[in-house]
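User: Could you take a close look at one part of this model for me, whichever you think repays it, and then set it in its surroundings? I would enjoy one connected walk-through.

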Amino acid sequence: MLRRGKFPDCAGCMAGLRQSPGERSKPRCARASRGLCIGKAKRKGMTVRDLKIPGDRHPEKARRADSAPQPKKPDWIRVKAPTSEGYKQTRDIMREHKLVTVCEEAGCPNVGECWSQGHATMMIMGEICTRGCTFCNVATGRPDALDVFEPGRVADAVKKLGLNHVVITSVDRDDVDDGGAEHFAQTIRAVRRQSPGTTIEILTPDFLRSKPGSLEVVVAAKPDVFNHNLETVPGLYPEVRPGARYFHSLRLLQRVKELDPSMFTKSGIMVGLGEDKQAVHQVMDDMRAADIDFLTIGQYLQPTNKHHAVDRFVTPEEFASYEKAARGKGFLMVSATPLTRSSYHAGEDFAQLRAARLARLGA
């Protein structure tokens, strides 16, 4: 999202003020040279990318044919607009620390409920993703360089919010050789230093194009929960998640358990994309074969008419049947409702997850 700064030539950074008079003819910062700085870029005739505009936010989808309009939402998928004081306080803390949240970037329907309780899922490594999944509302393009001060700002925000459990996710960073693994590890360590009593859940990319050993770096930082979403059934990957590989993602989660058997693993899928029930049950079996502890299933919602169409709205009764089947297959924890998202009620769910393991070990 573009933010206009208080300086006339800059959208928010002070790079221009550090230049000597002789250098004023040069672009004042990397963002200006790539069309991201409002003041400088407009005067230079550069293209200004405003991430509030769908066409700028998802340039890879510009030539994609419009999908069928999303069907009218049933009553069970409707939520109220956020207005509480708790919501505003959480929003202000995120702004104060210059942090991005997946709650906003992905248009999560639960943002009002979660933020009113001081819970926010922080999205590190920028707001621009190197992938172009057809279900996702996060902006796509060439990201900025990693911000070395971000781990500290995340830790400060976690402490200020007084979180008992935090969820940290990220965009995909195929432009970085380790996929951002070390940045994840630094963020985990920074939170541990400032809030040693806070449990940490991470929702990671797949590290598909990362150098060997990247996953090991993240696991060595000891998050309490390692989450990586499969997102959909394998038959829909070419359309819904074209930059990823189903069995690679599955193997990633299995490898986490091999590296640290005590670490909780978690994964989720969306329904309503065009899958059938048999395929969903097969994904459950695949996850259990990879020893995944926690399964989430939620309703897919279409961000724009350039995204993958909603095939149908799955009923609460169907979600209940998925949850019953998943528990029968041996998952320690299952959350399957229309509004379920990866980090929805994550703190309460983690407490139940830990209790379920202790109960199973004691049985």
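Analyst: Happy to! Two strands count as paired here if DSSP finds at least two bridges between them. With that in hand, let us take the pair formed by β9 and β10, bearing in mind that this is a predicted model.

Strand β9 spans residues 294-299, and four bridges tie this strand to β10 in the parallel sense. Within the pair, Leu295 sits across from Val334 of β10. Helix α13, residues 316-328, joins with β9 and β10 to make a β-α-β unit of the right-handed kind.

Which way do the side chains of β10 point? Residues 333-336 make up the strand, with Met333 and Ser335 directed to one side and Val334 and Ala336 to the other. Are these four residues buried or exposed? Every one of them is buried, so by the under 20% cut-off for relative accessible area, neither side of β10 is left open.

From Leu295 we can step over to Met287. If neighbours within four places in sequence are set aside, Met287 touches Leu295, and its other contacts are Leu230, Leu250, Ser267, Gly268, Ile269, Ile292 and Phe331. Met287 is also one of the residues with the most contacts inside the largest nonpolar core, alongside Ile168, Phe226, Leu230 and Ile297. That core holds 69 residues. Helix α8, residues 181-194, supplies its largest share, namely six residues. A separate core of seven residues lies apart from it, and includes Val225, Phe264, Phe294 and Leu353. As a general background, nonpolar side chains in soluble globular proteins tend to be buried together.

Ile168, named above among the well-connected core residues, leads to another set of parallel strands. Ile168 belongs to β5 (residues 165-170), a strand whose six residues are buried, six of six. One side of β5 carries His165, Val167 and Thr169, while Val166, Ile168 and Ser170 are on the other, and both faces are covered. β5 has a parallel partner in β2 (residues 122-124), joined through three bridges, and Met122 is the residue standing opposite Ile168 there. β5 also runs parallel to β6, with five bridges between them, and in that pairing Ile168 faces Ile202. To get from β5 to β6 the chain passes through α8, and this β-α-β crossover is right-handed. α8 is the helix already met as the source of the largest share of the main core.

Two loops deserve a stop as well. Most residues other than glycine have a negative phi. Phe207, though not a glycine, has a positive phi of about 55°. Phe207 is in the loop running between β6 (199-203) and α9 (214-220), and its 9% relative accessibility makes it buried. Glu231 is another non-glycine residue with a positive phi, about 75°. Its loop lies between β7 (225-227) and α10 (237-240), and Glu231 counts as buried because its relative accessible area is 16%.

Pro234 shares the loop between β7 and α10, but this proline is partly exposed at 33% relative accessible area. Beyond its neighbours within four places in sequence, Pro234 is in contact with Tyr246 and Val283. Gln282 is 48 residues away from Pro234 in sequence, yet their C-alpha atoms are 9.5 Å apart.

What about disulfides in the structure? There are zero. Cys129 is not bonded because the closest cysteine sulfur, in Cys136, is 6.5 Å from its own, too far for a bond. For Cys136, the nearest cysteine sulfur is that of Cys133, 6.3 Å away, and Cys136 is in no disulfide. Cys129 is buried at 10% relative accessibility, whereas Cys136 is partly exposed at 22%.

Finally, the wider frame. The protein chain has 14 helices and 10 strands, and 52% of its 363 residues are buried. Among contacts with a separation of 6 or more, 73% link residues 24 or more positions apart. The accessible surface amounts to about 16,600 Å², with 54% of it belonging to carbon and sulfur atoms.

Note on methods
Residues are numbered from 1 along each chain as its sequence is written. This is a predicted model: local features need pLDDT of at least 70, side-chain atom pairs count only at pLDDT 80 or more; totals for chains, interfaces and linings use all residues. Side-chain values use heavy atoms; hydrogens and water are left out. Buried means under 20% relative accessible area, exposed over 50%, partly exposed in between (1.4 Å probe, protein chains only). Contact means heavy atoms within 4.5 Å. Accessible areas come from the Shrake-Rupley method with a 1.4 Å probe; for residues, only the protein chains shown count as cover. A disulfide is a pair of cysteine sulfur atoms within 2.5 Å. A nonpolar core is a set of buried Ala, Val, Leu, Ile, Met, Phe, Trp, Tyr and Cys residues joined through side-chain atoms within 4.5 Å. A crossover is right-handed if, with the strands pointing away from the viewer, the path from the first strand over the helix to the second runs clockwise.
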